[in-house]
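Trainee: I would like to go through the reasons behind some of the terms used for this structure. Can we take them one at a time?

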Amino acid sequence: MKYQVDDTRKDNMREKRDSRARSGSAFIPPTITLAFWQLRLTWRLLLIEGVGVMAAVTLVCAIPFYSQATMAIGFRGALNNFLTRSTLLMQGSTPQVSSLVIDQSTQQIQQAVQHDIGTYSAGTLQFSLHTSLFPLLTHSDDTRSSITQKNLELQLQGYDSSAGMKQITLVRGRFPQPDSTALEILLTPQSASQLHVQVGSTLVATTQFVNGLAMVVATYHIPVQVVGLVDAPAVNLFIQPVKVTSGVYSGFTTNEQLLTTFGNICNLAQAKYNGAMLVDPFNLLWAYHVDTAHIVADQTDGFLAGLTALTTDVANQANHAPQVQDVQVQGQVNALAQYVNQSQVVQLPITVLTLQVLALLIFFVAVMAELLVEYQANAIALLHSRGASEEQVFGALVTQSILIGCCALLIGPVLAVEMVRFVMLHTFSSSEQSVVNLSLAQVWQIAFSLRWFAFPTAGAAVLSMIIAIRRATYTDMLTLRREQGRIVQKPLWQRLYLDVFAACIVFIGYIISTYATRTGLLNQQASILIGAPLAQIAPVFLVIAVLLAFLRIFPLILRAGAWLALKGRGAASMLALAQLARSPGQIMRLTLLLTLATAFIIFSQVLSASQEERVSDVASFQAGADFRGTINTPVQLQQGKRETLIDYASRLVAAQETPYRHLAGVKAVSASYTSQLSTPTDGSNVALYAVDASTFAQTAIWTAQNGEQPLSSLLAMLVARRQDAYFHNLQPAIVDAAAWNKLDLSPGEIFGLNTSAGMVAFEAVAQVQNIPTLFDDSSNAATSDPSALSGAILVDYQSFVVNYAQQFAFADQLNTATSHLSPLDTIWLKTTDNPAQLAHIRATLSTGKLQLNPLYDRRTIIAQLQQQSTQRDIVGIIALGATVPLLLAVAGNLIASWLNARNRRAMFALLRALGSVQRQLATMLALELGFIYVTALCLGCALGLVLAFVTVPLLVFTNIVSIGTNGDTDLFLAQNIPAVRIIIPSSLAMVLGVLAVLCLCVLLWMIYLVSRPSISQTLRLNED
């Protein structure tokens, strides 16, 4: 009876427990408890997996933040070039001074500024009135009856009465009174000394008015009293007391006095002469301080849009002719728009690199999750055998994954901010580090703003872990033993033939990209912004297709290797390959992880080296030589009595080059003439470079990207044909690819181009790809702009000018033809690398008789390009994203190898008990791991090089330095001219060597682990 009661009580308790389990009330606590129990056993692997998730979140958040920081620095630099001392200037003119209308315009400008860019302001609108230059009369205190003409001129500059007194240091006297009836001014002591006046002296300024026919109708003499002497007020933006030229001086007074005095005079002139206006209108200046220090990269579009709207609003609202007219924002807004375009273009390589880093890190997390499941496989199967439900086991593992994801989500963005700050504080200049000098509150604010990068990354990592552990929750002890003895079912991607699907996408993408490129459907700008992102699809799917195809045939390769090893005599090779062929799943994951890491490090190294080389190529192409510039004062020679055109042209070239050749540090000099010709069919413009063929090859920079033939051999062809040009009026020309295709030429074909005087005949003697400096002088040839260039030709100067003069002057004598000789306008220099001599050359070419303006300095351009935000952005991202995935991949292989060796200790001990020596076991393990490492390294190198050669030309980006006048399309044209070179750096061998050494160290450690335990301890039966 007692036993029956106990059985009944047990049945009731079991029913209650089952009921609570079905209702879910007891599901969560056991799951969490089980998760924390397992945490004590697997915390090492969970820690490594957490590091992977943390690295993924940190890098994915660090890359956009680093990009924003570099873009903010670059935008501030462009903005500072646009602004004047962080101040936005607006300028207008007034031929009829009216304080009422000027105040109205000031209020409208204030409203427009507040509406369009008010969020970026850091102060109030400031106004200043600058008069024109007044003829000046002196009026001394002692001889008031006499007025002496001094042929001097005075400009009065107004300042705000409240702000100006704080910025001006008074030396003697007092400040002008805003309500004074007389016009009172301030002078500097230097100006007062040169004018021979002192405090209390009076000057008389003369102003005149004209009517609508520009006839002077009134002249007024305005007494101006000097009430004080001040130091040069350099702080004030409007006041510029610089002596412009001899006899021109500046005086300072309040805006109120200027408006009152000249407003009254203008009213008098208007009353007497209707429509009378000042001979020279006064200048109206408005200044608005912009808080550039707080403009971040994601605000560039908003600020540019507001600035563009302000330009339109100011022109539409503030003009009230004739009192206020020609009001406009100073500076070229297009320069800022070009920078924004530049930042948009560079987003492509940044996005591609970010996605590659994310994909590799997510794959590492998935592999680590599978390793974690395999490590707990026995425990999971045992729990299933002891009655644990699938939901409890799955929930415990998912709980661990969610905890890892939450930790990475909370800590990763903060680490990203600190990582970027650390990198920038050690690589950027002190003036640029204000971007990352953040307080603790700002760090958390920025970290919170990165949540849209952190959430998807952490979510993807957790999802990959959940997928990896899903299958293990349905594995019991019997299934586990069966899977350890045979190959499991084919994975889903093999059953769905995803490798074939990826190959089809590669084929379709290649066809579309080739068709769009060769048919010219996209111009240069659209090709960069649209075509390049589309072209990235094929390489990515190419890598996926190759990897999936390799994974499909990898088990077959292992079986074939095991079959061949079985035919041999060595037992170690047979056992190693048989073990690999028996369970290839984990081997494939390890191989794939190391393959992707190797491919990415090769790709990033090639991209970084190509990006740095691109800087040198663009600088060399833009400058064309070490130094190049336009001659300000061409040489003019006296006519020789019996000198022929040929001799005169040669003497003219020598005379122009000789002064530059005598400069210390100059190795070679060449002079040239540039112009534009037009095609006879559609009038397209073609650039003409008439160079000194005898010296141009020694100065110009000519690479294989410009043409396969050396420049010296090309110019030798022009020199050899000089006689044909002299006597047959046929000019030999070297034609670039754009003009060659435009004119549809063939070698030796004669073609004509129009000049201002008529058509000149040319002979196409050679074709080259590009002629240096072309994109600097033109816009995109694919545009509809009639001034855009459709290519260029290179000719000999002596041949061209003599031929041109003879053809259009109808004579071969100097006195009738020299007026038709084209002047030399460009100098090309090759110089030494000595810093002192380079400094002297730069100083000489910047001022004086040998000045070149504009001046292109190749070395300076390289330095400027290297400091541009886009260059540092890509290089910094590569530095942040390339090393961590490789280290994690090595760590993953190390852990996987350790788990593999740990699970097979019994097998190795059994082999030792059967008579195998440690050398045979070492050989066996070396063959297994060596096969994995060699396969991964070889496949990774192949995929990395393929990915680099296919995608690097689309990812390398370099802007050009604005020296002359550059159109907006120059930015896009410079991306492919000259062609991007793929550079394989020498450091790549060192990186691969380090990777090989790490793999070797892992191998030696595994050999040590399998040979260390004793046989008796390893073979002892456990509790199962």
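**Terms and reasons**

Mentor: Start with a side chain: that of Gln 257 reaches the backbone oxygen of Ala 182 at 3.5 Å. Keep in mind that the model is predicted.

Trainee: What makes the approach of the Gln 257 side chain to the backbone oxygen of Ala 182 a polar contact?

Mentor: The pair of N or O atoms has to be within 3.5 Å, and the value here is 3.5 Å. The Gln 257 side chain also reaches the backbone oxygen of Gln 177, at 2.4 Å.

Trainee: Why is Gln 257 called buried?

Mentor: Its relative accessible area is 1%, and buried means under 20%, so Gln 257 is buried. Gln 257 sits in helix α6, residues 255–272. Among its contacts beyond four places in sequence are Pro 176, Ser 180 and Leu 183.

Trainee: Why is Glu 153 called partly exposed?

Mentor: Its relative accessible area is 32%. Buried needs under 20% and exposed over 50%, so Glu 153 falls in between and is partly exposed. This residue belongs to strand β4, residues 148–159, and touches residues including Phe 134 and Tyr 249.

Trainee: Why is strand β11 described as largely enclosed?

Mentor: Because 6 of its 8 residues are buried.

Trainee: How do you know that β1 and β11 pair?

Mentor: Pairing needs at least two bridges, and β1 and β11 have 8, in the antiparallel sense. In one of them, Leu 89 has Ala 287 of β11 as its partner. Strand β2 also pairs with β11 in the antiparallel sense, over 5 bridges.

Conventions:
Residues are numbered from 1 along each chain as its sequence is written. This is a predicted model: local features need pLDDT of at least 70, side-chain atom pairs count only at pLDDT 80 or more; totals for chains, interfaces and linings use all residues. Side-chain values use heavy atoms; hydrogens and water are left out. Helices (H or I, at least four residues) and strands (E, at least two) are DSSP runs, numbered from the N terminus. Buried means under 20% relative accessible area, exposed over 50%, partly exposed in between (1.4 Å probe, protein chains only). Contact means heavy atoms within 4.5 Å. A polar contact is a pair of N or O atoms within 3.5 Å; within protein, one must be able to donate a hydrogen and the other to accept it, and residues adjacent in sequence count only if both atoms are side-chain atoms.
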